[in-house]
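These are my notebook entries on one structure. I recorded each item as I looked it up.

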Amino acid sequence: MLFLVAALLLLGVVLGTVAHVPLAVSSALAAGIALWLAVFAYRERHARSGRITD
């Protein structure tokens, strides 16, 4: 329960920050995060496909 409260508090802080920065900055940060997640997903998929499971 404490983890959920902390996560919601952090989400509120981040959304409050995004509301006060220009749209271009928010868009650039969102694109950076999306790129980071895409690279992570790509690396995870290829790491798992090379692994042999019994």
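How much area does the protein expose, and what share of it do carbon and sulfur atoms supply? I find about 5,200 Å² exposed, with 75% supplied by carbon and sulfur atoms. I note at the outset that I am working from a predicted model.

Entry on overall form. I looked up the secondary structure and found two helices and zero strands. I then took the radius of gyration, which is 17 Å for the protein, against a value near 10 Å for a compact globule of 54 residues. The C-alpha trace spans about 50 × 35 × 5 Å along its principal axes. I also looked up burial: of the 54 residues, 2% are buried.

Entry on helix H1. I located this helix at residues 2-20, and Leu-15 lies in it. Is Leu-15 buried or exposed? I class Leu-15 as exposed because its relative accessibility is 52%, and the cut-off for that class is over 50%. I next asked which residues join Leu-15 in a nonpolar surface patch. They are Met-1, Leu-2, Leu-4, Val-5, Leu-8 and Leu-11, and the patch, Leu-15 included, has about 790 Å² of accessible area together.

Entry on Val-18. I place Val-18 in helix H1 as well. With a relative accessible area of 40%, Val-18 is partly exposed, since that class runs between 20% and 50%. I looked up its separation from Leu-37, which is 19 residues away along the chain, and read 19 Å between the C-alpha atoms.

Entry on Ser-26. I find Ser-26 in helix H2, which covers residues 23-49. Why does Ser-26 count as buried? Ser-26 counts as buried because its relative accessibility is 15%, and buried means under 20%. I then listed the contacts of Ser-26, leaving aside neighbours within four places in sequence, and found Val-18 and Val-21. Val-18, one of these contacts, is the helix H1 residue of the previous entry.

Entry on Ala-47. I place Ala-47 in helix H2. How exposed is Ala-47, by its relative accessible area? The value is 39%, so I record Ala-47 as partly exposed. I also looked up the C-alpha separation of Ala-47 and Ile-33, and it is 21 Å for two residues 14 apart in sequence.

Terms used
Residues are numbered from 1 along each chain as its sequence is written. This is a predicted model: local features need pLDDT of at least 70, side-chain atom pairs count only at pLDDT 80 or more; totals for chains, interfaces and linings use all residues. Side-chain values use heavy atoms; hydrogens and water are left out. Helices (H or I, at least four residues) and strands (E, at least two) are DSSP runs, numbered from the N terminus. Buried means under 20% relative accessible area, exposed over 50%, partly exposed in between (1.4 Å probe, protein chains only). Patches are made of residues with over 30% relative accessible area and no salt bridge: like charges are joined within 9 Å, nonpolar side chains (Val, Leu, Ile, Met, Phe, Trp, Tyr) within 5 Å. Accessible areas come from the Shrake-Rupley method with a 1.4 Å probe; for residues, only the protein chains shown count as cover. A salt bridge is a side-chain nitrogen of Lys or Arg within 4 Å of a carboxyl oxygen of Asp or Glu. The radius of gyration is taken over C-alpha atoms; the globule rule is 2.2 Å times the number of residues to the power 0.38. Contact means heavy atoms within 4.5 Å.
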